[in-house]
Protein chains: 2
Amino acid sequence: MTTQSEQLATFAANLQFSDIPAHVIARCEDLLLDTLGSILAGSTARPVKTIDAFAKLQGPTTGKSQVLGNVRNTTALFASLVNAAAAHMVEQDDVHNGSVFHPAAVVFPPALAVAQEIGASGKELLTACVAGYEVGIRVGEFLGRSHYRIFHTTGTAGTIAAAVTVGRLLKLNPEQMLDAIGSAGTQAAGLWEFLRTAADSKQLHTAKAAANGLIAAYLAKDGFTGAKQILEGAQGMGAGMSTDADPRKLVDGLGTRWALPETSFKYHASCRHTHPAADALQVVMKDNNLSASDIASVVTHVHQGAIDVLGAVVKPETVHQSKFSMGTVLALIAIQNFAGLAEFDAALHDEQVGAFREKVTMELDEEVDTAYPNRWIGKVTVTTNDGRVFKGRVDEPKGDPSNTLSRPEIEDKVMRLGQYENAASTDTIKHLIDYVWDLQNKEVIEALV
Amino acid sequence: MTTQSEQLATFAANLQFSDIPAHVIARCEDLLLDTLGSILAGSTARPVKTIDAFAKLQGPTTGKSQVLGNVRNTTALFASLVNAAAAHMVEQDDVHNGSVFHPAAVVFPPALAVAQEIGASGKELLTACVAGYEVGIRVGEFLGRSHYRIFHTTGTAGTIAAAVTVGRLLKLNPEQMLDAIGSAGTQAAGLWEFLRTAADSKQLHTAKAAANGLIAAYLAKDGFTGAKQILEGAQGMGAGMSTDADPRKLVDGLGTRWALPETSFKYHASCRHTHPAADALQVVMKDNNLSASDIASVVTHVHQGAIDVLGAVVKPETVHQSKFSMGTVLALIAIQNFAGLAEFDAALHDEQVGAFREKVTMELDEEVDTAYPNRWIGKVTVTTNDGRVFKGRVDEPKGDPSNTLSRPEIEDKVMRLGQYENAASTDTIKHLIDYVWDLQNKEVIEALV
């Protein structure tokens with residue numbers, strides 16, 4: 001009788017590139033490129049710079065792995081640490097709805113760093129990342145809602161995802177992979193308490209999940225043993241950190257259901273609760289050839305959660321707050337047809353944005369509220385200055401699996417993210433785009449920047 | 001209204017050498033020396049060597065901080081990691097009964113490494129270690145018995161203890177110290193699941209508690225913020241990792257009750273449940289001038305817990321198992337008057353030890369069982385070959401606060417530990433002893449070995 005942990009370890013250790021459907025590989029490439037943009041955009045932020053300064057102080061200043069922002073080389077451990085800290089900073093990285101887990105931030109940084117360190121190929125890198133996604137998402141689903149109420153799943157399940165990713169690159173056998181999962185799980189940490197005062201812990205969580213997972217995998221390769229059932233055991237993660245952990249979810253459809261393409265991209269640089277209405281407004285304006293100056297009012301028909309989270313923000317006083325202002329988000333869509341990081345930075349004191357914001361209201365909508373959270377429906381009613389009334393609707397917000405981003409849209413997003421705060425040049429970003437689209441042909445992963 | 005976390009942070013940040021009673025400082029020196037012995041003894045073990053190999057692969061090969069076994073220099077992060085992995089390996093380091101926490105393993109390694117890195121004085125080192133003990137022990141008491149059932153408190157509370165120790169050395173102000181505690185608590189981890197298959201995680205737990213606490217303190221010094229109530233907050237450690245967490249225990253007698261001298265030394269290199277009877281046998285033999293060959297039988301009068309843990313071991317088949325064999329432990333006491341690491345290694349197939357082991361039995365004793373676990377009473381009945389019967393008794397096992405080790409006994413223990421598996425030369429160990437006894441006079445902590 002194999003345990004769920006053994007099944008996960010065996011799946012991850014034995015996964016081959018040829019086992020993975022082409023659309024899963026393609027989506028993995030999409031997500032990697034998307035994440036490179038997030039890493040660059042986050043690299044200039046204070047918390048990330050602080051972690052980078054610590055890495056410079058305590059880690060090696062040479063190595064084969066690359067810190068992508070403030071470009072320099074170091075060992076895989078420290079490149080993982082800093083890049084993972086950056087990846088989640090601007091909150092533009094991916095999310096898997098069912099597990100409420102952001103896999104990209106903890107999978108791609110250690111994958112790239114280790115691939116550079118050991119000279120893995122593009123196909124090996126992709127295989128390892130798919131393994132990390134498949135296992136990590138299932139661990140998040142296993143830990144459940146009670147876990148997420150206290151723990152930051154991206155920190156906890158993320159440690160396992162990172163260990164599996166690195167473990168696959170290091171070619172761990174199933175027994176070693178089980179050790180790596182054991183050593184990762186016993187390091188898994190991350191509490192939501194920091195939210196109360198908006199402390200910097202989120203960056204520490206992704207940084208440490210990536211680094212700790214890497215440690216677990218390297219130690220396992222060298223014979224260091226770990227718990228055999230750290231997930232579902234009587235003194236494991238489920239027992240200690242959840243009250244509704246369901247071990248069956250650990251192996252749900254393993255090898256047949258691909259969880260990676262269930263992951264959503266984030267398109268607008270704002271709170272997810274604003275996205276459905278923003279998309280619906282975009283549809284109305286495009287279909288009816290409206291400009292911002294044509295619009296007299298926008299009523300957004302939303303779920304209760306949107307009102308709970310966004311309702312308090314009447315006149316945003318910080319850039320961060322403006323990303324939780326439905327009026328500001330819709331103003332950017334109406335005026336600029338885009339709500340990215342740079343647009344929010346410029347919008348805070350913009351008079352035109354402020355005037356449009358006043359035209360936007362939220363109303364609870366029964367259909368939208370009932371469908372949530374399984375479906376995030378967007379509905380708006382737009383009234384023009386000349387009295388016309390238009391209804392707009394999207395059934396799945398931009399970025400979700402059935403309404404995903406095209407490669408040109410991802411390229412555009414990455415170009416914007418990469419240039420945020422002058423993190424990278426357009427040439428550098430173009431090189432990254434070309435590199436990722438050609439990843440399957442790379443015999444050895446080199447420095448990316 | 002200051003929170004418990006704030007009170008802890010303020011106490012730790014403001015603690016001065018002159019605030020600390022001389023007997024607490026002296027005991028801190030005792031515990032430091034004791035721990036250096038444990039670090040050397042553990043340094044040659046496979047799991048510690050594996051962590052050391054990882055540190056060499058991923059960390060710098062130069063720095064001001066010293067790895068004590070396999071002597072080399074690196075940065076404070078990696079010296080902490082490796083020395084803390086070694087400190088708990090041979091299970092001869094200290095224990096605080098009330099918190100079921102081993103402070104030494106997670107306090108002294110980062111304290112020494114950071115003191116070497118920044119050139120702190122002996123008094124600064126001692127002050128920082130006392131701060132780490134006082135805070136860490138209270139966090140362990142706060143987390144309570146429900147926490148310890150699933151989590152390895154030395155890993156979890158240990159992360160806070162390490163952060164406070166390093167934070168005090170870095171001269172964090174109270175606000176920064178609170179940030180350090182916040183960043184430490186959100187990294188706190190360590191699950192007992194590994195025990196089921198005797199995996200290597202215990203070494204990972206102490207190594208990572210020390211390293212993660214150090215990271216938290218260095219980041220806080222540089223402005224990285226943490227949760228303000230990571231211990232007692234609604235989404236903090238108590239909420240997520242305990243069902244009986246009592247916030248009042250966080251500040252119990254802070255500044256008046258010194259928790260550090262409540263810590264016990266481990267004297268015999270065996271399961272703690274064997275210690276009371278071993279001590280009682282030693283008393284009987286000394287008082288009555290008996291040798292092993294005089295003895296026909298020993299009945300140990302024990303608590304139920306001793307029978308539960310030790311009862312299964314009839315004929316030990318591994319050195320580790322022999323440390324859970326009451327007969328083997330008492331045989332070493334009777335024959336060699338000492339049950340240390342080297343004695344256990346030699347005893348497994350020794351005929352004389354095997355013969356004496358057969359003479360030892362355990363019997364449940366009501367008085368002993370009732371007193372446990374607050375008091376660990378040792379009682380034996382010894383019958384000699386010529387028919388005499390002697391009763392022996394100790395009310396507190398050797399090493400507990402009221403029956404502590406003298407400095408010569410600590411020196412002797414450290415000399416034995418340090419020479420275990422030829423970890424260090426006698427000259428090196430003598431130097432360590434002299435260094436620690438003169439620690440208060442050191443202007444700058446240098447390389448110890």
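How many residues line the largest cavity, and which of them lie nearest its centre? The largest cavity is lined by 16 residues, and those nearest its centre are Leu77(A), Ile215(A), Leu77(B), Lys208(B) and Ile215(B). The legends below describe this and other close-up views of a predicted model.

**Figure 1. The largest cavity is lined by residues from chains A and B.** Leu77(A) and Ile215(A) are among the residues nearest the cavity centre, as are Leu77(B), Lys208(B) and Ile215(B). Two or more lining residues come from each of these elements: α4 (76-87) and α9 (201-221) of chain A, and α4 (76-87) and α9 (201-221) of chain B. The space in this cavity amounts to about 160 Å³. In total, 10 cavities of 30 Å³ or more are counted.

**Figure 2. Confidence values accompany the predicted model.** Chain A has a mean pLDDT of 96, and 100% of its residues reach 70 or more. For the complex, the predictor gives an ipTM of 0.94 and a pTM of 0.95.

**Figure 3. Leu231(A) is one of the residues that touch the most other members of the largest nonpolar core.** That core holds 230 residues, and Leu36(A), Leu36(B) and Leu231(B) share this distinction with Leu231(A). With neighbours within four places in sequence left aside, the contacts of Leu231(A) include Ser5(A) and Leu8(A), as well as Val139(A), Phe142(A), Ile160(A) and Ile181(A). Further contacts of Leu231(A) are made with Gly236(A), Met237(A), Gly238(A) and Leu250(A).

**Figure 4. Cys28(B) and Cys129(B) do not form a disulfide.** The closest cysteine sulfur to that of Cys28(B) belongs to Cys129(B), at 4.9 Å, which is too far for a bond. The sulfur of Cys129(B) likewise has its closest cysteine sulfur in Cys28(B). A disulfide requires the two sulfur atoms to be within 2.5 Å, so a separation of 4.9 Å does not qualify. Cys28(B) is buried, with a relative accessible area of 0%, and Cys129(B) is also buried, at 1%. Over all chains, the structure holds zero disulfides.

**Figure 5. Cis peptide bonds precede Pro373(A) and Pro373(B).** In chain A, the bond from Tyr372(A) to Pro373(A) is cis, with omega near 5°. Pro373(A) is placed in the loop between α17 (366-371) and β5 (378-384) of chain A. In chain B, Tyr372(B) and Pro373(B) are joined by a cis peptide bond with omega about 5°. Pro373(B) is placed in the loop between α17 (366-371) and β5 (378-384) of chain B.

**Figure 6. Val100(A) and Glu421(A) have positive phi values.** For Val100(A), which is not a glycine, phi is near 45°. This residue belongs to the loop between α4 and α5 (103-118) of chain A. Val100(A) is partly exposed, with a relative accessible area of 31%. Glu421(A), also not a glycine, has a phi of about 55°. The loop that holds Glu421(A) runs between α18 (407-419) and α19 (426-437) of chain A.

**Figure 7. Ser242(B) occupies a loop of chain B.** The loop lies between α10 (237-241) and α11 (275-287). At 13% relative accessibility, Ser242(B) is buried. Its contacts, apart from neighbours within four places in sequence, are Leu143(B), Ser146(B), His147(B) and Met237(B). Ser242(B) and Arg149(B) are 93 residues apart along the chain, and their C-alpha atoms are separated by 9.3 Å.

**Figure 8. Val353(B) is part of helix α16 of chain B.** This helix comprises residues 351-357. Val353(B) is buried, at 2% relative accessibility. Beyond neighbours within four places in sequence, Val353(B) contacts Thr328(B), Ala331(B), Leu332(B), Ile335(B) and Ala347(B). The C-alpha atoms of Val353(B) and Ile433(B) are separated by 32 Å, with their positions 80 residues apart along the chain.

**Figure 9. Asn14(A) belongs to helix α1 of chain A.** Helix α1 covers residues 4-14. Asn14(A) is partly exposed, with a relative accessible area of 40%. Setting aside neighbours within four places in sequence, Asn14(A) is in contact with Asp19(A) and Pro174(A). Asn14(A) and Val71(A) are 57 residues apart in sequence, and 34 Å apart from C-alpha to C-alpha.

How values were computed: Residues numbered from 1 in each chain as written. Chains lettered and ligands numbered in written order. Predicted model: local features only at pLDDT ≥ 70, side-chain atom pairs only at ≥ 80, totals over all residues. Heavy atoms only, no water. pLDDT = per-residue confidence, 0-100. Core = buried A, V, L, I, M, F, W, Y, C linked by side-chain atoms within 4.5 Å. Buried < 20%, exposed > 50% of the residue type's maximum accessible area, 1.4 Å probe, protein only. Contact = heavy atoms within 4.5 Å. 1 Å grid on protein atoms, 1.4 Å probe; cavity = no way out; pocket = protein on both sides within 12 Å on 5 of 7 lines; lining within 4 Å. Points joined across faces, edges and corners; volume = space filled by probe spheres on them. Helix = DSSP H or I, 4+ residues; strand = E, 2+ residues; numbered from the N terminus.
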